[in-house]
Amino acid sequence: MKRPLIAISARNQTANPDNPIRSDNSSYFEYVSVGGGLPCIVFVTDEAEADQIADTFDGLLLSGGEDCDPALYGEENTKSEVIDSDIEHSDILLYKAFQKAGKPVLGICRGVQIIAVCEGAKLIQDIPDEFHLQHAQNQMDPPLGKDKTCHNVVFTDGTRIGTLMGKCHPVNSYHHQALRTCPTGFMLSGVSEDGIIEAIEKDHVIGVQWHPERLLHDPRHLSIIQSFIEECSSC
């Protein structure tokens, strides 16, 4: 059986300004591959390229990364950190193209934030500053490793992500920004025990704020990509 082609949104490595590299973490490639898909990194510069990618690939994984530009949701930058306009432009074009094509989208961490702002929602620019909560486990005391979990998410009965994850399940956490509101028309399918939005969904789009690709040893986190790949196979 032919494995579905999954587009993974590119990220920039700019340690050497003379030789910028389009790349992404190997964990995303492993996640897609173990889930049954064929991963490939993509970057686009205009709508026509994005439409061709959406026509060629079976699904889109919007990966994690830097902060979203607050201008996307009508705010001034007060606490947003590194903003990569090239990557942001590419992500937005890709999301809109896959939406137009009616093909599955999975957003992880920054990916769910891109989905949210494309759909008219706002973000919290800095969780620690506004709510005095810490959701970046690498900054906790003591710091937690990438394959560890740090808090529970309570999932909504009857949602796709809730069916996969159960009523309540631990997740990892590597973000200082989050969705302030659930986008109009989307289901709010998961919230942390301290009130941060952790999962949303609508039709063929699912977004999660944590990093399931770093938790392959947990069957429930693995089930997210397996379900996504299965949907991509049927489109």
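Pockets, cavity and overall architecture

The largest pocket is lined by 32 residues, and those that lie nearest its centre are Gly64, Gly65, Glu66, Asp67 and Tyr174. The model in which this pocket is described is a predicted one, and the space within the largest pocket comes to about 850 Å³. Among the secondary-structure elements, strand S2 (11-13) and helix H4 (110-118) each contribute at least two residues to the lining of the largest pocket, with S2 providing the largest share, three residues. Sorted by class, the lining of the largest pocket holds 15 polar residues, nine charged residues and eight nonpolar residues.

The second largest pocket encloses about 150 Å³ of space. Its lining draws on Met1, Lys2, Arg3, Pro4 and Leu5, on Leu38, Thr56 and Asp58, and on Cys232, Ser233 and Cys235. By class, the lining of the second largest pocket divides into six nonpolar, three charged and two polar residues.

One residue of this second lining, Pro4, was examined further. Pro4 is located in the segment that precedes strand S1 (5-9), and with a relative accessibility of 6% it counts as buried, because the cut-off for a buried residue is under 20%. When neighbours within four places in sequence are left aside, Pro4 is in contact with Gly36, Gly37, Leu38, Asp58, Ile229, Cys232 and Ser233; of these partners, Leu38, Asp58, Cys232 and Ser233 also line the second largest pocket. The C-alpha atom of Pro4 is separated by 28 Å from that of Phe155, a residue 151 positions apart from Pro4 along the chain.

In addition to the pockets, the interior of the model was searched for enclosed space. Rolling a probe the size of a water molecule over the atoms shows where empty space is left. The count comes to one cavity of 30 Å³ or more, and the space in the largest cavity is about 40 Å³. The residues lining the largest cavity are Val105, Leu106, Arg160, His204, Ile206, Ile224, Ser227, Phe228 and Glu231. Strand S6 (105-108) and helix H7 (219-234) each supply at least two residues of this cavity lining, and H7 gives the most, with four residues. In terms of class, the lining of the largest cavity comprises five nonpolar residues, two polar residues and two charged residues.

At the level of the whole protein, the secondary structure amounts to seven helices and 13 strands. The radius of gyration is 17 Å, close to the 18 Å that the globule rule gives for 235 residues, so the protein is as compact as a globular protein of that length. Taken along the principal axes, the C-alpha atoms fill a box of roughly 45 × 40 × 35 Å. Of the 235 residues in the protein, 50% are buried, and the accessible surface comes to about 10,700 Å², of which 50% belongs to carbon and sulfur atoms. Among the contacts between residues at least 6 apart in sequence, 70% join residues that are at least 24 apart.

Key:
Residues are numbered from 1 along each chain as its sequence is written. This is a predicted model: local features need pLDDT of at least 70, side-chain atom pairs count only at pLDDT 80 or more; totals for chains, interfaces and linings use all residues. Side-chain values use heavy atoms; hydrogens and water are left out. On a 1 Å grid over the protein atoms alone, a cavity is a set of points where a 1.4 Å probe fits but cannot get out, and a pocket is an open set with protein on both sides within 12 Å along at least five of seven lines; lining residues have an atom within 4 Å of a point. Grid points are joined across faces, edges and corners, and a volume is the space filled by probe spheres set on the points. Ala, Val, Leu, Ile, Met, Phe, Trp, Tyr, Cys and Pro count as nonpolar, Asp, Glu, Lys and Arg as charged, and the others, Gly among them, as polar. The radius of gyration is taken over C-alpha atoms; the globule rule is 2.2 Å times the number of residues to the power 0.38. Buried means under 20% relative accessible area, exposed over 50%, partly exposed in between (1.4 Å probe, protein chains only). Contact means heavy atoms within 4.5 Å. Accessible areas come from the Shrake-Rupley method with a 1.4 Å probe; for residues, only the protein chains shown count as cover.
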